[in-house]
Amino acid sequence: MKSFHLIGVAVMATALLNSCSIMKNNKPAEAPADTARPSAVPVAPVPDVSAQQTKALLGEWSITEANGTKIIVNGENHPKLTLGAVSGQPDILRVIGFNGCNHINGDWKIDGSKIIPSGNFISTMRACPDAPYELTVNQALNSVASYRLEANDLVLYSAAGTPVMILRSRNLSFLNGAWRVTAIHGNPLPATAKVKIVVDIDECKVHGNTGCNVLNGEIVVNLDKGDGLEFKNLAVTRMLCPDIATEQDFLLALEEVDTAVRGGDDSEALLKDTQGNTVIAMSRLSADQLADE
């Protein structure tokens, strides 16, 4: 591990203020009997503004632009930042990042819309042959001074107010887990088909059963869209089954998938093509249901 300055460390002087209370021995005068004493006014609780601010920033963010450079989908080497809460410190964000080659981590203090470094960032020391964004990301992080939330984007600014980094929230974690395919191109599948997949967004893997053969493949999350999803390098075993047509329909539909969205709730998911048409509808399987399949 090596330490490098992403943002200059300010030397802060802390002033200790001593306060004292003065006790009076004189007994306060009693109010006249005919004077009404005011009733106590309930005080509304003051919201924890710091906690509210940092909560909106929590989660994993994909870096889509740094210092004016568009960062295109770069597979598993795509730069990202994960912002986490620090117990007992509602105004502090734990920053865990990846610049396309090395992992970095440190803390930010959130003060309104300002971002103040809280100590130095540290980094791993890999030398990568293919890391086109490493230097750009590091330079951008070095100049972060404030932020603004815009829809699904988190925009980071320099002290001069210039955008230095744009991050986009990854919205596909709801897909993690096991799913039964209930319809392909709007055509419901019979329960006996038992077409299912298990998705792991973090590992970019998918496996399952086509209703006949075992399926394995890879997932590409299109970070430019946030909800963009592609299935790649799909491989299946080669058993022959009576309902081979359903398998073919399913595999072809997987190749059409461009985005993924929730259905009515977290128990349903819809995989759509580039035109926004639903090509695959799925319902979530519990661990027990998956074991019974």
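Which residues does Thr82 touch, not counting residues up to four places away in sequence? Keep that question in mind while the whole chain is on screen, and remember throughout that this is a predicted model.

**The whole chain**

Begin with the cartoon view, in which the chain shows four helices and 20 strands. Of its 293 residues, 37% count as buried, and the chain exposes about 17,400 Å², of which carbon and sulfur atoms supply 53%. If you display contacts with a separation of 6 or more, residues 24 or more positions apart account for 50% of them.

**First stop: Thr82**

Select Thr82, which lies in strand 4, residues 80–86. With the same exclusion of residues up to four places away in sequence, Thr82 touches Gly59, Glu60, Arg94, Val95 and Ile96, which settles the opening question. Add Glu60 to the selection and draw a line from C-alpha to C-alpha: Thr82 and Glu60 are 4.2 Å apart in space, although 22 residues separate them in sequence. Is Thr82 buried, partly exposed or exposed? Its relative accessible area is 28%, so Thr82 is partly exposed, given that buried requires a value under 20% and exposed a value over 50%.

**Second stop: the aromatic pair**

Next, show the aromatic side chains, for which a search of the whole structure finds one pair. The partners are Trp108 and Phe121, whose rings are tilted with respect to each other, at 6.4 Å centre to centre and with 55° between the planes. Colour the two residues by element of secondary structure, and Trp108 appears in strand 6 (residues 103–111) while Phe121 appears in strand 8 (residues 121–123), so the pair ties together parts that are 13 residues apart in sequence. Switching to a surface view, you will find that Trp108 counts as buried, because its relative accessibility is 2%, and that Phe121 is likewise buried, with a relative accessible area of 2%.

**Third stop: strands 12, 14 and 15**

Now select residues 177–184, which make up strand 12, together with residues 196–200, which make up strand 14; these strands pair in the antiparallel sense over four bridges. To follow the pairing at one position, label Ala178 and look across to Val198 in strand 14, which stands opposite.

Extend the selection to strand 15, residues 205–209, and a further antiparallel pairing comes into view, in which strand 14 and strand 15 are joined over five bridges. Here Ile197 is a useful residue to label, since its bridge partner in strand 15 is Gly208. Which form do strand 14 and strand 15 make, and how many residues lie between them? They form a hairpin with four residues between the two strands, and in the turn Cys204 has a positive phi of about 55°.

**Last stop: two asparagines**

Finish with the backbone of two asparagines, beginning with Asn67 in the loop between strand 2 (59–66) and strand 3 (69–70). The phi of Asn67 is near 50°, a positive value in a residue other than glycine, and on the surface Asn67 counts as partly exposed because its relative accessibility is 37%.

Then move to Asn233, which is found not in a loop but in strand 17, residues 228–236. The phi of Asn233 is also positive, near 50°, in a residue other than glycine, and with a relative accessible area of 57%, Asn233 is exposed.

Technical notes. Residues are numbered from 1 along each chain as its sequence is written. This is a predicted model: local features need pLDDT of at least 70, side-chain atom pairs count only at pLDDT 80 or more; totals for chains, interfaces and linings use all residues. Side-chain values use heavy atoms; hydrogens and water are left out. Buried means under 20% relative accessible area, exposed over 50%, partly exposed in between (1.4 Å probe, protein chains only). Rings of Phe, Tyr and Trp (its six-membered ring) pair if their centres lie within 6.5 Å; planes under 30 degrees apart count as stacked, over 60 as edge-to-face and the rest as tilted. Contact means heavy atoms within 4.5 Å. Two strands pair if DSSP finds at least two bridges between them. Accessible areas come from the Shrake-Rupley method with a 1.4 Å probe; for residues, only the protein chains shown count as cover.
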